[in-house]
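Please open the model in your viewer and keep a selection tool at hand. The tour below proceeds from one selection to the next and describes what is found at each stop.

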Amino acid sequence: MLFSKLFRKDAASCLEKGEKLLAAGRFAEARLALEDALERLDANSPEGATTAAVIREKMVVAGNRLAEMNLQEAEHCLMSGEFAKAEEHLNLTLDLADDVTIRDKAVKSFALLEKQIPHVHHHEKKGGCGGCGGSTSQHSENIEIGDDGLNDMDRFELLVRPLPGDLPERYADLGEEFAVGYLAAHGGDQMTAEKVFERLLASGESDILLYELAILSHQGGDGRRCETLLRRAFALNDANPLCNLSLVQLLTENGRFTEAVPLLERMVERNILPDQAGMFLGEIYRVQGESDRAIAQFSQLLSTPLKREAAERLVGLLEATGRSQEAALVAKQYLKGCC
């Protein structure tokens, strides 16, 4: 009896282990433990569906954190000219990420990588298969990486090029001193970055400078200052897509959905990252238990570049509401893979 308690492998113990690993920042191990929990869960028990939803949410969190780490590694590899490694990390990012913002950054980084190496190939999340043209390693064998001698301004350009809308040009227009601060921020030197941004801000308010300072505040754990700076940036330029999206993320992180929804609806109306905003809306409706609204929202996204992500969520919602036949049709049409 004692040994059975010590070595129990039921869903509850696996979930408990996964939660501890997640809290400790050991995201890869956490995902494995949570997968074990899901496999051992009794789906027919009264609390089975609720527990399964909790486990899946935690798996999403772990996957997104791992994806962020791989995206950071990919950016470093891009700047260092290690294109094969960058490709590997970007493929992993797309495999792991559920967050549309992370996936969007990865796709844009792939576009940048393809300009450096035209034959780079990548796959969408859960869509990889043998008939899509081979593996990453096969492509990497053909890549010859030389010493590209990138200077700081080249690295700055590589980092800002994937930004949405006119932001790459606007970031470049802020000059070399801003570039120094931006590179410092991406290199983990927050103190230098903040000094540069504050000094530039003293010469005149800028939504970009306020946004970058807000991100540094968030990374430093100061959520209140982050929100204050984001709202100042938003007041200067309410069309800045990064300000819009970051403010929404900050609100949703804190469960302030009633404040986030009008912002998201406005983003859709003004065509400011409308697909990402639509995904956020669908997620909020789903979390709030508004299944019909969530189903309608994700259904609208089936004609967008985010159709696969929308279909995955839509299938789960349709099955949960007893509409299994519709779920099967959506899965057949949108989740068949890439072949």
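Begin by selecting Asp 207 and Arg 170, whose side chains form a salt bridge with an N to O distance of 2.7 Å. The two residues come from distant parts of the chain: Asp 207 belongs to helix H12 (residues 207-219) and Arg 170 to helix H9 (residues 167-173), with their positions 37 residues apart in sequence. Colouring by accessibility brings out the character of each partner. Asp 207 is buried, at 5% relative accessible area, whereas Arg 170 is partly exposed, at 26%. Please bear in mind throughout that this is a predicted model.

Next, select Arg 199 together with Glu 177. Their side chains also meet in a salt bridge, again given as 2.7 Å from N to O. Arg 199 lies in helix H11 (residues 190-201) and Glu 177 in helix H10 (residues 175-186), so this pair ties together parts that are 22 residues apart in sequence. Arg 199 counts as partly exposed, with 47% relative accessibility. Glu 177 is likewise partly exposed, with a relative accessible area of 33%.

Now move to Glu 57 and Arg 286. Their closest N and O atoms are 2.6 Å apart, and the two residues form a salt bridge. This pair links distant parts of the chain, with Glu 57 in helix H4 (residues 48-80) and Arg 286 in helix H16 (residues 274-287), 229 residues apart. Glu 57 is partly exposed at 36% relative accessibility, and Arg 286 is partly exposed at 28%.

Extend the selection to Asp 98, Glu 283 and Arg 313: together with Glu 57 and Arg 286, these residues are linked in a network of salt bridges. In the whole model, the count of salt bridges comes to 24.

The next stop is helix H15, residues 257-269. The helix has 13 residues, and the distance from its first C-alpha to its last is 18 Å, close to the 18 Å expected at 1.5 Å a residue. Which residues of H15 are buried? Select Phe 257, Ala 260, Val 261, Leu 263, Leu 264, Arg 266 and Met 267 to display them. To see what covers these buried residues, add the surrounding elements, which include helix H13 (223-236), helix H14 (241-253) and H16. H16 is also the helix that holds Arg 286, visited above. Then step past the end of H15 to Asn 271, where phi is positive, near 60 degrees.

From there, proceed to Thr 304, in the loop between helix H17 (291-300) and helix H18 (307-320). Is Thr 304 buried or exposed? With a relative accessible area of 13%, Thr 304 is buried. Show its side chain: a polar atom there lies 2.7 Å from the backbone oxygen of Leu 301.

Finally, clear the selections and view the protein as a whole. Its secondary structure comprises 19 helices and 0 strands. Of the 339 residues in the protein, 44% are buried. A contact map offers a complementary view: among contacts between residues at least 6 apart in sequence, 54% join residues at least 24 apart. With a surface representation switched on, the accessible surface comes to about 17800 Å², and 51% of that area belongs to carbon and sulfur atoms.

How values were computed:
Residues numbered from 1 in each chain as written. Predicted model: local features only at pLDDT ≥ 70, side-chain atom pairs only at ≥ 80, totals over all residues. Heavy atoms only, no water. Salt bridge = Lys/Arg side-chain N within 4 Å of Asp/Glu carboxyl O. Helix = DSSP H or I, 4+ residues; strand = E, 2+ residues; numbered from the N terminus. Buried < 20%, exposed > 50% of the residue type's maximum accessible area, 1.4 Å probe, protein only. Polar contact = N/O pair within 3.5 Å; in protein donor to acceptor, adjacent residues only side chain to side chain. Expected span 1.5 Å × (residues − 1). Contact = heavy atoms within 4.5 Å. Areas by Shrake-Rupley, 256 points an atom, 1.4 Å probe, with all protein chains shown as cover.
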